[in-house]
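Open the model in your viewer and show it as a cartoon. This tour tells you what to select next and what is there.

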Amino acid sequence: MSVRVGILGATGAVGQRFIQLLDDHPTFDLTAVTASEESAGKTYREAAKWRVDTPIPADVAEMEVAETTPAGVADADVDLLFSSLPSGVASEVEPDFLEEGYVVSSNSSNDRMAADVPLTIPEINPGHLDLIDVQRDERGWDGALVKNPNCSTITMVPTLAAIDEFGLETVHVSTLQAVSGAGYSGVTSMEIIDNAIPHIGGEEDKMETESRKLLGEFDGAEVHLHDAEVAASCNRIPTLDGHLENVFAEFSEDPTPADLREAMRSFESADLPSSPDQLIKVFGDDEPERPQPRLDRTYADGMGIVAGGVQTADNGAKYNCLAHNTIRGAAGASLLNGELLVEEGYV
C-alpha cells in the first residue's frame, strides 16, 4: 500500500527531518512540499538551506515548492499531510486543510491540549486516536487533526508510562535541552556558548499539561487527565541534539531500582514501520554516567528513548532519560502518528 503524503513547512529544521525520514519509507510517498510565499515556485534545493547530515534526496531536490494552502497541494492528490509549521502559522493554516478534508499529523504546538484533538504517542496511548470521531462531530469537518507532544515531553512520558504500574503520584523534572530544539536561529552563539539558560518560554507548561493528557484515560467521549502532579524546570544547554532530563518520581507503591529498570526495559513498543524494536533502552547501575547526548541520542536511529541512573530517593525514585529531540521528539513523532493513522484506517 502506498500513501501519498505532503509536508507543510518543509524547508525548516523539522521539515528537513521529515524529508530525511520519509526517504525510502515503505508506505509513504512524498508528493508535495510547501513553504512560505517567498519560497513557492522554487525547487526545493533552491528554497531550502539544507542542514541535515544526509544529502537531499534527489527526487525531492527538484520538487517544486508549493504555497501552504489547500489549493497549493490540490494537484499532488495527497492522502496525509505532516505539519511542521510554527504554531502561530499552524493555528491559522491547519484549519483550512482540515475543512477541505485533509488528515493532518502535526508537530506544531497549537491545539495539543484541545479537548477534541488527539495528542498521541503510538506506544503509549494509541486508543486516544478515536477522539477523531468526537472531533469530526464537534467541528463538522471531514479531515482530522492529530498532534504529537513537545520534544521534552516525549522524552519523559514513555518512561513514566512504563513505571505508572507502581502508582505514579508526583513527578518533578529538570531538563537539559539541546539548542536544535529552538530551531537553527533560535539561540545565538553568544547566548549559549559557555552558558546555560534556565528558562525556555512555554516549555514547562507543555511538559506539565501534555504529560497528564498522554497518560490519561479516554472514555470514548473525552480524555481524563492523569492524577499525577507534574512540575518541570526547563533549561537550554550548549548541546546540538538530544534532550537529557533528570526525573524524580513518587509512587503509591515502593518499587526498587531493579523493578523500575525492568518495567522500562520490558515496556512494549508499537508494531509500526518506524517503531524501535525496544522502545526504552536502560543502563544498569554499573554505568551511572549514561545516558549522554553525544553517545546515546541516535539509539534506534534516533527513534528510541534511553534511561539510566535509576536510584531510590527518600520519597520515591530518580533517574535520567534522553531522546533525540528533532527525530523522536519532532518529525519522527509525527511520522509514527501518521503510520498509526494508516494502521487504524483513518487514512
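Two strands count as paired here if DSSP finds at least two bridges between them. Keep that in mind for the sheets below. One more point before you start: this is a predicted model.

**Stop 1: the mixed sheet**

Select the open sheet of six strands with the order β10-β7-β11-β14-β13-β12. Its pairing is mixed. Look at the edges next. β10 and β12 (280-282) stand there, each with a single partner strand, so one side of each has no neighbour in the sheet. From one strand to the next, the twist averages 20 degrees.

Now take the pairs one at a time.

- Select β7 (residues 168-177) and β11 (residues 243-251): they pair in the antiparallel sense over eight bridges. Label Leu168, and you will find it opposite Phe251 in β11.
- Keep β7 and add β10 (residues 229-236): this pair is parallel, over eight bridges. Here Thr175 stands opposite Cys234 in β10.
- Move to β13 (residues 305-313) and β14 (residues 316-323): six bridges join them, and they run antiparallel. Thr312 has Ala317 in β14 as its bridge partner.

**Stop 2: the helix across it**

Which strands does α7 lie across? Select the helix, residues 151-163, and check: α7 lies across β7, β10, β11, β12, β13 and β14. The helix runs at about 35 degrees to β11. Is α7 mostly covered or mostly open? Mostly covered: 13 of its 13 residues are buried.

Follow the helix to Val157. A kink of about 30 degrees lies at Val157, shortly before the proline Pro158.

**Stop 3: the loop after α7**

Step into the loop between α7 and β7. Two residues are worth labelling.

Glu165 lies in this loop. Buried or exposed is the question for Glu165. Its relative accessible area is 55%, and the cut-off for exposed is over 50%, so Glu165 counts as exposed. Leaving aside neighbours within four places in sequence, Glu165 is in contact with Glu253 and Ala263. Draw a distance from Glu165 to Ala263: their C-alpha atoms are separated by 8.5 Å, although the two are 98 residues apart along the chain.

Phe166 is the other residue to show. Show Phe251 with it: the two form an edge-to-face aromatic pair, 6.3 Å centre to centre with 85 degrees between the planes. Phe166 lies in the loop between α7 and β7 and Phe251 in strand β11, so the pair ties together parts that are 85 residues apart in sequence. Phe166 is buried at 9% relative accessible area. Phe251 is buried too, at 9%.

**Stop 4: the parallel sheet**

Select the other open sheet of six strands, with the order β3-β2-β1-β4-β5-β6. Its pairing is parallel. β3 (65-67) and β6 (144-147) stand at the edges with a single partner strand each, so one side of each is left without a neighbour in the sheet. Neighbouring strands are turned by 30 degrees against each other on average, direction ignored.

Zoom in on β1 (residues 3-8) and β2 (residues 28-35). They pair in the parallel sense over five bridges. Val3 has Phe28 in β2 as its bridge partner.

Then bring in the helices. Helix α5 (residues 87-99) packs on the sheet and touches β1, β4 (80-83), β5 (103-106) and β6. The direction of α5 makes about 135 degrees with that of β6. Helix α6 (residues 131-139) lies across β5 and β6, and runs at about 135 degrees to β6.

**Stop 5: more rings**

How many aromatic pairs does the structure hold? Five. Among them is Phe97 with Tyr102: the ring centres are 5.7 Å apart and the planes are at 70 degrees, so the pair is edge-to-face. Phe97 counts as buried at 0% relative accessibility. Tyr102 counts as buried at 14%.

Select Phe18, Phe28 and Phe82 together. Ring pairs link these residues into a cluster. Phe28 is also the bridge partner of Val3 from the previous stop.

Finish at Arg51 and Tyr184. The charged end of Arg51 sits over the ring of Tyr184, 3.2 Å from its centre.

Key. Residues are numbered from 1 along each chain as its sequence is written. This is a predicted model: local features need pLDDT of at least 70, side-chain atom pairs count only at pLDDT 80 or more; totals for chains, interfaces and linings use all residues. Side-chain values use heavy atoms; hydrogens and water are left out. The bend at a residue is the angle between axes fitted to the seven residues ending there and the seven starting there. Helices (H or I, at least four residues) and strands (E, at least two) are DSSP runs, numbered from the N terminus. Buried means under 20% relative accessible area, exposed over 50%, partly exposed in between (1.4 Å probe, protein chains only). Axes are lines fitted to C-alpha atoms, for helices over the stretch in contact, and angles run from 0 to 180 degrees between N-to-C directions. Contact means heavy atoms within 4.5 Å. Rings of Phe, Tyr and Trp (its six-membered ring) pair if their centres lie within 6.5 Å; planes under 30 degrees apart count as stacked, over 60 as edge-to-face and the rest as tilted. A charge sits over a ring if NZ of Lys or CZ of Arg is within 6 Å of the ring centre and within 35 degrees of the ring normal.
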